[in-house]
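Got your viewer open and the model loaded? Let's walk through it one selection at a time.

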Amino acid sequence: MQILSATLDRVKPSPTVAMSGRALELKEEGKDVIGLAAGEPDFDTPEHIAAAGIRAIQEGKTRYTAVDGLPELKRAICAKFARDNSLNYKPSQVTVGTGGKQVLYNAMMATLNPGDEVVIPAPYWVSYPDMVLLAGGTPKIVECPLEAGFKMTADQLEAAITEKTKWVILNSPSNPTGAAYSRAELKALTDVLMRHPHVWVLSDDIYEHLVYDGFTFTTPAEVEPGLFDRTLTVNGVSKAYSMTGWRIGYAAGPEQLIGAMRKVQSQSTSNPSSISQWAALAALEGEHDFLAPRNAAFVRRRDIVVEKLNAIEGIDCPKPEGAFYVYPSIKGLIGKTSAGGKSIETDEDFAMALLDEAGVAVVFGAAFGLSPAFRISYALADETLVEACDRIADFCARLG
Ligand SMILES: Cc1ncc(COP(=O)(O)O)c(C=O)c1O
């Protein structure tokens, strides 16, 4: 008898494992590797938030909490949705989990039956399709190329929906492209969804506060109140508050769905860390002055990287609206051979050769469902980014 479950066979091993394994090997050999692959801000958690966590420990707030979040935190999340998104949720419509990741996983586990389809625009965050597969559903990938700004059009969405469609997952600003939907672009999609009342919307808004150049963030249930009763709005403190290690994410939606997600969590992990929940409360209720200078740094870094990459022949790097990623196309480099003799047939070949020969770790596009491209996370010091881009330029100049 097989020890491993058949469900696990449906899930691909992470395509990034080989890359990060190789980066680690090179580092252990003493090579100087610049990592542009991590999906997290390089800033520290703001002091007032960290202090709230320390205070929670000192005050003995270290016991189990309600399974899907402290009432105080749920009230603060309701206030956040009202303040930032004009969405009025009750605490009973809110769930808190161990990162946005757990909340998304709970949603899939709580809703998918075999055969249910989930529309996922590509490039997508690596975990969406595999979470759908783990929960027994079928991902329906919609390719959104660079020429379309990496955004799904109304026609594409309409064509992707069948009677089996249960969810469409939207993520704006996006990991891995940084692309964000304007209100008009979102409205075009929500108009389609209004014609298909059996389809639910999962909006992953985790990069909400990381938008630049005056871009105004909006979310589907705000753009189309008619979708409120079939939308799950997901968010978290990891990215905007530089709290990736604290592991707090949350979502709001119809009570029945939230209750089902709570049931999944109650039989798996129970409550997220009590200490982290008190810190997240301080994050949501505290001052947000730290965001503007941090976002200014992200804009400066984005512009450095976009300018330097676009100066390289064969690379095309759009300037995104938000998050801290760029997703350059390497269409112009496919078919070439590296100075080290590696033939570049795919974006994985490109990323591996770049790591081996130039000491720069990026994530190749195939991991996100749209090739040939790669993702750079620019949440690093300016001089590190300059050095990394110079290395990429040198590597590309030596392709033959
Ligand atoms: C698009 C997107 N959604 C959700 C998450 C999950 O974040 P966390 O579990 O840290 O809240 C991430 C993290 O990389 C992400 O990029």
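Start with a pair of helices, helix 5 and helix 6, which cross in a right-handed way. Keep in mind as you look around that this is a predicted model. To find the pair, select residues 99-111 for helix 5 and residues 127-134 for helix 6. Their axes lie 9 Å apart, and the packing angle is about 40°. That angle is why helix 5 counts as oblique to helix 6. Now show the side chains where the two meet: Lys101, Leu104, Tyr105 and Met108 come from helix 5, while Ser127, Met131 and Val132 come from helix 6. Colour this contact by class and you'll get five nonpolar residues, one polar and one charged.

Stay on helix 6 for a moment. Which of its residues are buried? Pick out Tyr128, Pro129, Met131, Val132 and Leu133. To see what the buried residues of helix 6 pack against, add helix 5 to the view, along with strand 3 (117-122), strand 4 (138-143) and strand 5 (165-171). Then step just past helix 6 to Gly136, which has a positive phi, near 95°.

Next, the ligand. Select what surrounds it and you should have 13 residues, with Gly99, Gly100, Lys101, Asn175 and Ser238 the closest. You've already met Lys101, in the contact between helix 5 and helix 6. Which element gives the most to this shell? That would be helix 5, with three residues. Colour the shell by class as well: nine residues are polar, two are nonpolar and two are charged.

Time for another helix pair. Select residues 71-85 for helix 4 and residues 274-285 for helix 11; they pack at about 25°, and their axes are 9 Å apart. Helix 4 and helix 11 are therefore roughly parallel to each other. As for handedness, helix 4 passes helix 11 in a left-handed crossing. Zoom in on the contact: on the helix 4 side are Glu72, Leu73, Ala76, Ile77 and Lys80, and they meet Gln277, Ala280, Leu281, Leu284 and Glu285 of helix 11. Sorted by class, this contact has six nonpolar residues, one polar and three charged.

One more pair to visit: helix 2 (residues 17-28) and helix 13 (residues 347-358), packed at an angle of about 10° with axes 10 Å apart. So helix 2 is roughly parallel to helix 13. Show Met19, Arg22, Ala23 and Leu26 on helix 2, then Ala351, Met352 and Leu355 on helix 13, and you have the contact. Six of these residues are nonpolar and one is charged, with no polar ones.

While you're on helix 2, click Lys27, which lies in this helix. Is Lys27 buried or partly exposed? Lys27 is partly exposed, because 14 other C-beta atoms lie within 10 Å, and a residue needs 20 or more to count as buried. Try your distance tool from Lys27 to Thr62: the two are 35 residues apart along the chain, and their C-alpha atoms are separated by 38 Å.

Last stop: Gly226, in the loop between helix 9 (220-223) and strand 7 (231-236). Gly226 is partly exposed, with 14 other C-beta atoms within 10 Å. Finish by drawing a line from Gly226 to Val118: C-alpha to C-alpha they are 20 Å apart, with their positions 108 residues apart in sequence.

Key. Residues numbered from 1 in each chain as written. Predicted model: local features only at pLDDT ≥ 70, side-chain atom pairs only at ≥ 80, totals over all residues. Near = placed C-beta within 6 Å. Helix = DSSP H or I, 4+ residues; strand = E, 2+ residues; numbered from the N terminus. Nonpolar A, V, L, I, M, F, W, Y, C, P; charged D, E, K, R; others polar. Buried ≥ 20, exposed ≤ 12 C-beta atoms within 10 Å, placed from the backbone. Contact = placed C-beta atoms within 7 Å. Axes fitted to C-alpha atoms, helices over the stretch in contact; angles between N-to-C directions. Parallel < 35°, antiparallel > 145°, perpendicular 65-115°, else oblique. Left-handed = near helix turned anticlockwise from the far one by under 90°.
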